[in-house]
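User: Hello! I have just opened this structure and would like a close look at one part of it: the salt bridges, and what lies around them. Could you walk me through that?

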Amino acid sequence: MTDIATRATRAPRAVQSPKGRRRLSGGGPRAGTVLAFVAPFFLPFVLFYLVPVGYALWQSFRVVRRTGGQYGTSYTTFGGLEQYGQVFQNSEFWASIGRIGLFGIVQVPVMLFTALIIALLLDTPLLRLKAFFRITAFMPYAVPGVIAAIMWSYLYSPQLSPVVELFQGIGLKPDFLGPGAVLWSTANVSTWLWTGYNMLIMYSALQSIPQELYEAARIDGATNWTIAWRIKVPIILPSIVLTTVFSIIGTLQLYAEPAVLRQISSNISSTFTPNMLAYAVASGNNYQQAAAISVVIAVITFVLSFGFMRLTSRRAGL
């Protein structure tokens, strides 16, 4: 009896202990599985985003010194905020900031308002061939920015453009690449390119609105115009804010369009936008100064986009 009792008391322990070990060791494979799923995103994010950003930030605090005069041996050392001081004293930097600020103040509202109008029209039950018009409006976004700039540079060129020739036929002589118009010609390319992208975000938000809301509004006597501006627009306001933030970021990153148009217009300098200025400085082997310019652009972008988001969130109660 004693042996049987001893076996009976030991058996549960023998059965429970492997389960306990399996239960304890079960965290290992789960953690490995999580890492396996996260690694394809995390590793490129670290290698191609965090590391370059950290390297640019580190370079922005360094300066090149020379020993023995102008033709002496050069060496790189820590310079503190010296590079940033030079950035803020650079008149070309502030000119490019002012230029891109004017660009954004005009281009972003025009583009987003156009995108909103198209999205509302596509969401109207009276419109036919919605799929065709939706694809047509979105199609310019499928064109790479460089290709779009090349296409429009052909339409802007006085020697090649059929549009310019048409205007000249009725007695007008437009100069799309002139000093007073080249900024807005660039804005036109960006508007044509990005309106469909913003429209799709707004249209997707409109599709998520319950149809019962429209039916109740029509029962109360609301017209399609009232439904659009009193119901649809307030509901999709978060999407409008999101597209505005994306547009602010994209404006301060403007590079491809003016860089391409610069090939046919002498009114676009190598410092036309802040990004072009950073590239021009880096092309002169002044990588530390270019890094400082890039960091300042990043900070301005963050302040404007985050500030706009906070301001609109407070007013709309988002």
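Analyst: Here is a walk through the salt bridges, followed by the nonpolar parts of the chain. Please keep in mind that this is a predicted model.

How many salt bridges are there to look at? The count comes to two.

Let's begin with Asp-123 and Lys-232, which form a salt bridge whose closest N and O atoms are 2.8 Å apart. This pair links distant parts of the chain, 109 residues apart: Asp-123 sits in the loop between H4 and helix H5 (130-138), while Lys-232 belongs to helix H10. Are these two residues buried or exposed? Asp-123 has a relative accessibility of 10%, so it counts as buried, the cut-off being under 20%. Lys-232 counts as buried too, because its relative accessibility is 7%.

The other bridge joins the side chains of Glu-82 and Arg-65, at 2.9 Å from N to O. Glu-82 lies in helix H3 (residues 82-88) and Arg-65 in strand S1 (residues 62-67), so this bridge ties together parts that are 17 residues apart in sequence. Here the side chains have some access to the surface: Glu-82 is partly exposed, with a relative accessible area of 30%, and Arg-65 is partly exposed as well, at 31%.

Now for the nonpolar surroundings. In soluble globular proteins, nonpolar side chains tend to be buried together. In this model, the largest nonpolar core has 23 residues, and Leu-116, Met-199, Met-202 and Ile-236 have the most contacts inside it. Helix H4 (91-122), helix H8 (182-207), helix H9 (211-219) and helix H10 (224-235) each give two or more residues to this core. H4 gives the most, with eight residues. Helix H10 is a good landmark here, as it holds Lys-232 of the bridge to Asp-123 and also contributes to this core.

Take Ile-236 as an example. Leaving aside neighbours within four places in sequence, Ile-236 is in contact with Leu-116, Met-202, Ala-205, Leu-206 and Ile-209. Apart from this core lies another, of 15 residues, which include Leu-183, Ala-187, Leu-252 and Ile-268.

Finally, which nonpolar residues form a patch on the surface? They are Val-34, Phe-37, Val-38, Phe-41, Phe-42, Leu-43, Leu-47, Phe-48 and Val-51, with about 1,000 Å² of accessible area together. One of them, Leu-47, lies in helix H2 (residues 27-59). Leu-47 has a relative accessible area of 52%, so it counts as exposed, the cut-off being over 50%.

Conventions. Residues are numbered from 1 along each chain as its sequence is written. This is a predicted model: local features need pLDDT of at least 70, side-chain atom pairs count only at pLDDT 80 or more; totals for chains, interfaces and linings use all residues. Side-chain values use heavy atoms; hydrogens and water are left out. Patches are made of residues with over 30% relative accessible area and no salt bridge: like charges are joined within 9 Å, nonpolar side chains (Val, Leu, Ile, Met, Phe, Trp, Tyr) within 5 Å. Accessible areas come from the Shrake-Rupley method with a 1.4 Å probe; for residues, only the protein chains shown count as cover. A salt bridge is a side-chain nitrogen of Lys or Arg within 4 Å of a carboxyl oxygen of Asp or Glu. Helices (H or I, at least four residues) and strands (E, at least two) are DSSP runs, numbered from the N terminus. Buried means under 20% relative accessible area, exposed over 50%, partly exposed in between (1.4 Å probe, protein chains only). A nonpolar core is a set of buried Ala, Val, Leu, Ile, Met, Phe, Trp, Tyr and Cys residues joined through side-chain atoms within 4.5 Å. Contact means heavy atoms within 4.5 Å.
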